[in-house]
Each structure stands twice: as C-alpha cells, then as structure tokens.
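Please open the model in your viewer and keep the sequence panel beside it, since each stop below asks you to make a selection and then look at what is there.

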Amino acid sequence: VDKEITELMDEMKLCSPKKEKSSSKKNKSSKELKEKKKRLAQLRASKERKHNVHHDLQSFDMDLYRSMASGILCLLIALRCEGKVKCANLSFGNDETRYAQRVNPLSGIRPEVLHYEVFERISDASKYKAGELLANAETKFANIKHKTSTFLKASFSNRKPSLVEAHHKKKLLALTRVALSNTLAIQSFKASKDVGKLRFECPANSCFPVVSAE
C-alpha cells in the first residue's frame, strides 16, 4: 500500500503543473488527476483501517495475556496456601537479596519496579483464601475461552484466514488450551485434597504453565 501511495503521489506531481495546449487534453489530464486523487484517498483509508485492526488485535491479545497471568497467579498462590507448593529454603542470602538481584537490571526502565516491601506485601499468601483464589482463577480462564471463541467465530466462520491470521489463530488456540487444562486442574484440586506431586509444563505456550498432578 505504501509503495502504491508513493507512486500515485509522484504521478500526480507530474500531471499537475503541465499546461495542455488543447482543451481535450486538458480535460483528460484533469480527469486522470481526479481519479488518482480518489484512488489515493482509498489507499490511505485502507492503510488507516489496517493500522486500526492491528492496534485492536494487540489490545485484544494483551487483555487475554493479562487474564491468563492473573489466573495463573491466583492458582499458584492458592496451591501455596494449601501447602501443595513448597518454596525453596536456601541457606544462602534471603528473599530481599534475591529480589534485588533480579530487579536491579530493570531499574532504569519505566514504570519503576516495585520496592521489595511492596512486593512482599502483595505476594503474601497468608491473607488469601484458597477457595476464593481458585474461583477467581476459574473466572479468568473462562473469560479467556469465551473471548477467544467469540473472536474466532466472528473472524473466520465464513472465510479462510491469511498466513498471518492463521499464525495468530494458532496462538489463540494454544492460549485456550492452557486455560482449559488449568480449569480441569482446579476442578481436580477441589474434588480431592490429596492430589499428589504437582507437575508444571508449558506444552502449548512457553509463557504460561499448565498445572497437573502426577
């Protein structure tokens, strides 16, 4: 699109300043110029629509990722409250030192990273109830499945996706599989207190784990 817009603008520059000798040539040139302007407006509108669609897709994806991250965080804290996830008891250093080592490389970016006291306060699992956290995680995962299903039906029910769209569709389906698998895990945890050893894997999405019992 950008290339065609540039070519049209160059052609319009060549057409505009010419003074035609005959009225017929002048009318023809004027008509061609109008057609080029119309085509240029159409191309610019098309480019703007594509930009808006791309921006909307990015916002949609970020909303799903936020829901997934929030759901998994609730699930992990709930498992920690229930004593199903044990934290490492390392003999060297302490949590504050390890936190500083991890976030110091990010100190120059914005927004600023959390101070350790704030991080400790919001990550303290003792003030949460496992049942409420699991219910919240289920809600987040159900929201992902619903939004993804609605989007895919609206986008590709009557047409075949392009190569880029097919890649995006594949990512959304992988995210849905993670949400579904973790929902099944939550239902299993609710049904049985003794779930055995937990396993964390990332078969569908490298960023978000699937929790299961061995």
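Begin by selecting helix H5 and colouring its buried positions, which are Ala130, Leu133, Leu134, Ala137, Glu138, Phe141, Ile144, Thr148, Phe151, Leu152, Ser155 and Phe156. Keep in mind throughout that this is a predicted model.

With H5 still selected, place a distance between the C-alpha atoms at its two ends: the helix covers residues 130-156, and these atoms are 39 Å apart. That value agrees with expectation, because 27 residues at 1.5 Å a residue should span 39 Å.

Next, select the whole protein chain and colour it by secondary structure, which shows six helices and two strands, arranged along the sequence in the pattern α-α-α-α-α-α-β-β. If you then colour the 214 residues of the chain by burial, 27% of them fall in the buried class. Turning to contacts, among those with a separation of 6 or more, 69% join residues that lie 24 or more positions apart.

Now switch to a surface representation of the protein chain, which exposes about 15,400 Å², with carbon and sulfur atoms supplying 55% of that area. On this surface, select Leu114, Phe119 and Ile122, which form a nonpolar patch and together have about 240 Å² of accessible area.

For the last stop, centre on Ile122, which belongs to helix H4, residues 116-122. How does Ile122 count in terms of accessibility? Its relative accessibility is 43%, and because the partly exposed class lies between the 20% and 50% cut-offs, Ile122 counts as partly exposed.

Technical notes:
Residues numbered from 1 in each chain as written. Predicted model: local features only at pLDDT ≥ 70, side-chain atom pairs only at ≥ 80, totals over all residues. Heavy atoms only, no water. Helix = DSSP H or I, 4+ residues; strand = E, 2+ residues; numbered from the N terminus. Expected span 1.5 Å × (residues − 1). Buried < 20%, exposed > 50% of the residue type's maximum accessible area, 1.4 Å probe, protein only. Contact = heavy atoms within 4.5 Å. Areas by Shrake-Rupley, 256 points an atom, 1.4 Å probe, with all protein chains shown as cover. Patch = residues over 30% accessible without salt bridge, like charges linked within 9 Å, V, L, I, M, F, W, Y side chains within 5 Å. Salt bridge = Lys/Arg side-chain N within 4 Å of Asp/Glu carboxyl O.
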